[in-house]
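Please open the model in your viewer and keep the selection panel at hand. The tour proceeds from one selection to the next.

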Amino acid sequence: MKIISIVGARPNFMKIAPFAHAIERHNTDLLTKNKERGTKNSIEHILVHTGQHYDARMSKTFFDTLKIPHPDIDLGIGSGTHAEQVGNTMIAFEKVLQEHQPDWVVVVGDVNATCACSITAKKEHIKVAHIEAGLRSFDMEMPEEINRLVTDRLSDLLFTPDELSSENLRKEGVPEEKIKFVGNIMIDTLEAHREEAAKLDITEIIAKNRLVPSSFQLSALSPQPFPGALVPLSKSQISAFSFLNFSFSLMTMHRPSNVDSKEILEPIIDFLIEEVCKNNPLLWAIHPRAKKQLKAFGLWERIVATENLILLHPLSYHEMLRLNMGADLMLTDSGGLQEECCVLGTPCMTLRWNTERPITLREHGGASVLVGNAIENLQREYATIRTLNRTPQRPPLWDGHTADRIVEIMASPISA
Ligand code: UD1
C-alpha cells in the first residue's frame, strides 16, 4: 500500500512524527514475522511538506528533534493569504498525486495544508484519511473550523481523538464505519519525549532563546536573591541556580482573533504588563504573526521595555514541553497546548471564546478554562486560577499508542 502524508505548519509536525514511526514499526514487524506477507502488506510512505511554515524555528527544528523522516517532497508554498496558500498547495500537490498515484492521502489537524490536500486528493479519486477528525469549535470565523469541516466531509476514514469528536461526526451524518476513535496522536509525541524534555534546564532555555536583551534579570525567576545575574548568564551561573524552583507564567498567542486588531490586542497587553508581570515573570514564546502585529500596532517597544516579560523565539518541542512542565500558569490560544496542559495538569487560561477541544476544559475534567479576550474575564480568572493545584488528567486512549492503532486500521484488508 502506498500512503502520502502531509505536513504544512508547526502543529502538524508533532502529529505526523508518531504516524511515520508507527509505519516504520509496522514494516519492520512484518518483515521479521513473515517475509512473504511483509512484502505484500508493507506500507510505502511518502512524506510531503507543503512549506506553509518555513522558518527553521517553525519547521526544521521539529524534524530534527522529533526524528521525522526528511520530507520526500517539499512544495515550498510559504506565506500568503488563505486563498493563495490553499490554491498554490492544490496546484503543486495535484502534480505529486498524478506522479505517485497513492492509495491513501493522510492529513492531520486543521491547517490550510490539511484542507488543500484533502480537496486535491478527492478530485483525483484518492482516498483520504484525517487524523484528529471531528473537532468542532462551531465558530465559522476561525479559518481552522472551515478546514476541519471541509476535510471531514471529504474523508473516507476519520480518526477521532475523543468520543465528543466522534459524536460531532455522527450528528453531521458521517457513517459509523468511517469513524474510528483512536485517541490523541499528540500525546504519543508527548509521552515519547517527556523524559528527554525533563532533562532541560529552564534558565538555559531562556538564555538560548531570548529574543531581545532587556533589563530583566534571570535572578527574578528564583524566589531567592541571585547576585548579578544579568543576561547572558555564563555556564557556571546557569548551573549555579538551576536547582532552584522557579515560579513563572508561560504564554503563546497567535490567532488572528487575538492579534489582528489593536482594539483587542492592546488591552491584553495592558493586562499582561499591569497584572501578570507584577506577580511573577511571564515567558512569552512569540509567533511570527503576533510579533508582526505588535510592531504594526506600536506595542512592541512597550513589551520589550517590561522588565518581567521575557520574549522568546518560537521554541523547540522539548523546550516548550519543559517550560510547560514547570509553569505555574499557561496563557494560550493554541489548541495543542490546551491538550498538553490537560495531561501535564498545568492550569491553563485559554484566550478564546470557544474551543474545538472541549475535553480539555475543567468542566470535562481537564486543566483549561475559556476566558475569551475580554479583560474582566481574564482578571477574574487570573485571580483564582493560580491557587489551583496541578491535576493531570488523561482522557480515554490518550495513552501514547494512537499512531499504532491508526496504522493497524489502515493496514487491515478492509481499508486497503
Ligand atoms: C497556522 C495555522 C494555525 C496554527 C498555527 C500554528 C492555518 C489556517 N493556521 O497559523 O491553525 O495554530 O499555524 O503555528 O493554517 N510566518 C513566518 N515564518 C514561518 C511561518 C509563518 O514568518 O515559518 C509568518 C507568515 O509570513 C505569516 C504569519 O507568520 O504572515 C502567519 O503564518 P500563517 O501560515 O499564515 O498562519 P499561522 O498564523 O501561523
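How many residue pairs are in polar contact across the interface of domain 1 and domain 2? The rule finds five such pairs, both residues being at pLDDT 80 or more; a polar contact is a pair of N or O atoms within 3.5 Å, where within protein one must be able to donate a hydrogen and the other to accept it, and residues adjacent in sequence count only if both atoms are side-chain atoms.

This is a predicted model, in which local features need pLDDT of at least 70, side-chain atom pairs count only at pLDDT 80 or more, and totals for chains, interfaces and linings use all residues. Residues are numbered from 1 along each chain as its sequence is written, and side-chain values use heavy atoms, with hydrogens and water left out.

Select residues 2-184 together with 399-411 for domain 1, then 193-385 for domain 2; these bounds come from an automatic or database domain assignment. Between the two domains, 22 residues of domain 1 are in contact with 20 residues of domain 2 (heavy atoms within 4.5 Å).

Next, select Arg148 and Glu356. They form a salt bridge whose closest N and O atoms are 3.6 Å apart; the term denotes a side-chain nitrogen of Lys or Arg within 4 Å of a carboxyl oxygen of Asp or Glu. Three salt bridges are found across the interface of domain 1 and domain 2.

Now select α1 (10-33), α3 (56-65) and α6 (143-154), each of which supplies at least two residues of the side of domain 1 that touches domain 2. Helices here are DSSP runs (H or I, at least four residues), numbered from the N terminus. Of that side, α3 gives the most, with five residues.
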